[in-house]
Amino acid sequence: MSEYDLDSGPDPATVAAAEPETLDGDADPVHAVGIGPGNLDYLTPRGRREIEDADVVVGFETVVEFIADETDAELLTCGYKDEREALTTFADRVADGERGTAVLMGDPNHSGYQFVGKVQDVVDQPVRVIPGISSLQIAASRARTPMEDTEFVTLHKSGDISDDLQRLTTAAGDRHLLVLPRPFDWMPGDIAARLLEAGADPTLDALVLEKLTHDDESITRLSLGELADHAGGSGTDSTPFSDLSVLAIRREVV
């Protein structure tokens, strides 16, 4: 598994995005499955089948715990500190002929490419992405922000996000914004403050959508200016919002 310095590069997401998938019938693929927003009603039948049929499943502990009862596979869980060990074990098992599935929250195409790239880096088989229902898609439905009129940016990744923030400040007011915040240094209040500094209209409608599809789902609706009052800090006690949040900022619809 390659060494990645997410501040100086290379970003493992570039491994996942380097080439399109190929339909190679001679090799059994490893699947990277988006499990949805956590409510298994939103796990697709295709994704469920690859989880059920796997011999070994790898993913972050907070993701694997959602699907643990859906499979008899051996579960390899990790955090950022021990993901190298878990992925190396996963690769060894797959190389020995076992059927492997990696699981990611939501849809791997929304914030998941860094992990997809790390999986792809360690296995010799092709990696096939099985999209899931993302909290982003649920948020777009709740906030009524059609994707074709929306600028989507994920900050929920490691490394430099200055270009992502620039995309938001450029689009604010002209397009709806859907943002996956980064716990806990770039939460909804911090994003709102940055947009205001760049000249965004403080009266824009902002919605913080938390724990979407779960029993304790909530939506907080504020103006962009009011949301910016919650800027600052870098821990759980510095924001009223959870790490399972999506920020929607609506442009004025005439």
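Which element supplies the largest share of the lining of the largest pocket? In this predicted model, that element is α3, which contributes four residues. Helix α3 spans residues 61–67, and it is joined by β4 (100–104), α5 (113–122) and β10 (245–250) as the elements that each give two or more residues to this lining. The pocket itself has a volume of about 1000 Å³. Its lining comprises 40 residues, and those nearest the centre are Thr62, Val63, Met105, His156 and Leu244. By residue class, the lining holds 18 nonpolar, 14 polar and eight charged residues.

Helix α5 also turns up in the second largest pocket, where α5 and β5 (127–130) each supply at least two lining residues. This second pocket encloses about 260 Å³ of space. Its lining is made up of 14 residues, with Glu19, Pro20, Glu21, Gln120 and Val127 lying nearest the centre. Eight of the lining residues are nonpolar, three are polar and three are charged.

Strand β10, met above in the lining of the largest pocket, is also part of an open sheet of five strands. Reading across this sheet, the order is β6-β7-β10-β8-β9, and the pairing is mixed. In general terms, the strands of a sheet pair through backbone hydrogen bonds, in either a parallel or an antiparallel manner. The edge positions are taken by β6 (150–154) and β9 (218–223); each has a single partner strand, so one side of each is left without a neighbour in the sheet. On average, and with direction ignored, neighbouring strands are turned by 15 degrees against each other.

Within the sheet, β8 (residues 205–210) and β10 run antiparallel and are joined by six bridges. Here Leu207 can be found opposite Ala248 of β10. The sheet also carries a helix: α7 (residues 162–171) packs on it and touches both β6 and β7 (176–180). The direction of α7 makes about 160 degrees with that of β6.

A last point of interest is the loop between α9 (224–228) and β10, which is where Ser242 is found. Is Ser242 buried or exposed? Ser242 has a relative accessible area of 14%, and because the cut-off for a buried residue is under 20%, Ser242 counts as buried. Setting aside neighbours within four places in sequence, the residues in contact with Ser242 are Met187, Glu210 and Lys211.

Note on methods:
Residues numbered from 1 in each chain as written. Predicted model: local features only at pLDDT ≥ 70, side-chain atom pairs only at ≥ 80, totals over all residues. Heavy atoms only, no water. 1 Å grid on protein atoms, 1.4 Å probe; cavity = no way out; pocket = protein on both sides within 12 Å on 5 of 7 lines; lining within 4 Å. Points joined across faces, edges and corners; volume = space filled by probe spheres on them. Nonpolar A, V, L, I, M, F, W, Y, C, P; charged D, E, K, R; others polar. Buried < 20%, exposed > 50% of the residue type's maximum accessible area, 1.4 Å probe, protein only. Contact = heavy atoms within 4.5 Å. Pairing = 2+ DSSP bridges. Axes fitted to C-alpha atoms, helices over the stretch in contact; angles between N-to-C directions.
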